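Me: Hi! I'm new to reading protein structures and could use some company. Could you walk me through this one?

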Amino acid sequence: MLSLSSRIGSNTCLDASSCTHSSLSLSLSLSSLVCVNPLIIERICQRNLCPVGKFSTNAAKITPTTVNPILDDSSDANNRQSQSRSSADWKAARAYKESGFIYEGKIQGFNGGGLLVRFFSLVGFLPFPQMSPSHSCKEPQKSIHEIAKGLTGSIISVKVIQANEEMKKLVFSEKDAVWNKYSSRVNVEDIFVGRVASVEDYGAFIHLRFPDGLYHLTGLVHVSEVSWDLIQDIRDILNEGDEVRVKVIKIDREKSRITLSIKQLEEDPLLETLEKVIPQDGSVISDSSSMSSSNSNTIEPLPGLGAIFEELLQEDGIDDVRITRQGFEKRVVSQDLQLWLSNAPPSGKKFTLLARAGRQVQEIQLSTFLDQEGIKKALQRVLERVP
């Protein structure tokens, strides 16, 4: 150890460049300004002649305050290691997104828009709309935030749908992960009990209940598949939370979409005959007779039917329209006029229509060279024109 003590009566600069010992202790009594060359001190420290640190100064002396250089190096190493690990995890996230693999992540918490899910050293975001319907259907009385709170700490299966390291966006979907697992169990013509999730102008989204009692997938019932009757507002028939039976009519596995129908679980009213509407088993209440044969000159058309006849004759391919028989049902089904195509086989180029209003049913013969599908389209056009 080398100790230097000096009294200085004028401005003095200390040059310690000649020191060669491993440690240096300086004690200077100053009666005037003392100047210490920082470059020289730094050079000494680099040579391990004195510790790197801060210097505290008072009127009498300058004393180095030591800081362990090993700790600084360790902190830098930790930062580099953390950055390296983060970069590797972003690379893994991109790999999961590209491969479509399912990741099992722990739910760290939630915010106003979704769940926070741990992905290795990263934390990603699972928006509430991307959650499986099983959670809300299991506890329908709870709010989404109450459900999220209860899920905190649990493990969830998700797919990575966005992994942008530059923008720090890591987004998950549980719906996509559930689709991979359960869509293979769904086929066209399958029938499910479902719960109405939401109702839009164009249709209703239905959560499908599986044998385990949970609702894993969601399908759409288009407004045209809700009922055989003309619907003005789908909300007159379906409301959120309603339980309904639905039939799977289409599956788009590439777009993860299921198309459903409610009306196809009911018999198509276009496939009826007068004998089926009014069974001849003696149970009907007759007005002189349950069914009577006649022609359009002796049977008065149901209210509104005459205008439909006129419009049908304006359609290309339809030559003649006339009432052939009528009958009376046991009960009133609807006071509104209903018109449909019978499933009775055509005789030559003659098809049968049925019209119903109140208890009265009229059988109509349609002479045309159109096929059954062509007649359906002609009827749809006519009904759109007639108020």
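Me: Before we start, what does "buried" mean for a residue?

Reply: Buried means under 20% relative accessible area. Keep in mind that this is a predicted model.

Me: Okay, which residues of helix 7 are buried?

Reply: Helix 7 covers residues 305–312, and its buried residues are Leu-305, Ile-308, Phe-309 and Leu-312.

Me: Why do those sit on the same side of helix 7?

Reply: The buried residues cover an arc of only 105 degrees around the axis, so they end up on the same side of helix 7.

Me: Nice. New topic: in what order do the strands of the barrel come?

Reply: The barrel is closed by 5 strands in the order 12-13-14-16-15, with mixed pairing. From one strand to the next, the twist averages 55 degrees.

Me: What holds strands together in general?

Reply: Strands of a sheet pair through backbone hydrogen bonds, and the pairing is either parallel or antiparallel.

Me: Then are strands 14 and 16 parallel or antiparallel?

Reply: Parallel: strand 14 (residues 215–222) pairs with strand 16 (residues 257–261) over 2 bridges. Leu-220 has Thr-259 in strand 16 as its bridge partner.

Me: And which strands does helix 5 touch?

Reply: Helix 5 (residues 174–182) packs on the sheet and touches strand 14, strand 15 (243–252) and strand 16. The direction of helix 5 makes about 95 degrees with that of strand 14.

Me: How do strands 15 and 16 pair?

Reply: They pair in the antiparallel sense, over 5 bridges. Asp-252, for instance, has Arg-257 in strand 16 as its bridge partner. Strands 15 and 16 form a hairpin with 4 residues between them, and Ser-256 in the turn has a positive phi of about 55 degrees.

Me: What about strands 12 and 15?

Reply: That pairing is antiparallel too, over 5 bridges. There, Gly-194 stands opposite Val-244 in strand 15.

Me: Switching to pockets: how much space is in the second largest one?

Reply: About 960 Å³. This pocket is lined by 35 residues, and the closest to its centre are Pro-133, Lys-175, Ala-197, His-207 and Thr-218.

Me: Which element gives the largest share of that lining?

Reply: Strand 14, with 6 residues. Helix 3 (133–138), helix 5, strand 12 (191–200), strand 13 (203–209) and strand 16 are also among the elements that each supply at least two residues of the lining.

Methods. Residues numbered from 1 in each chain as written. Predicted model: local features only at pLDDT ≥ 70, side-chain atom pairs only at ≥ 80, totals over all residues. Heavy atoms only, no water. Pairing = 2+ DSSP bridges. Axes fitted to C-alpha atoms, helices over the stretch in contact; angles between N-to-C directions. Contact = heavy atoms within 4.5 Å. Buried < 20%, exposed > 50% of the residue type's maximum accessible area, 1.4 Å probe, protein only. Arc of directions from axis to C-beta. 1 Å grid on protein atoms, 1.4 Å probe; cavity = no way out; pocket = protein on both sides within 12 Å on 5 of 7 lines; lining within 4 Å. Points joined across faces, edges and corners; volume = space filled by probe spheres on them.
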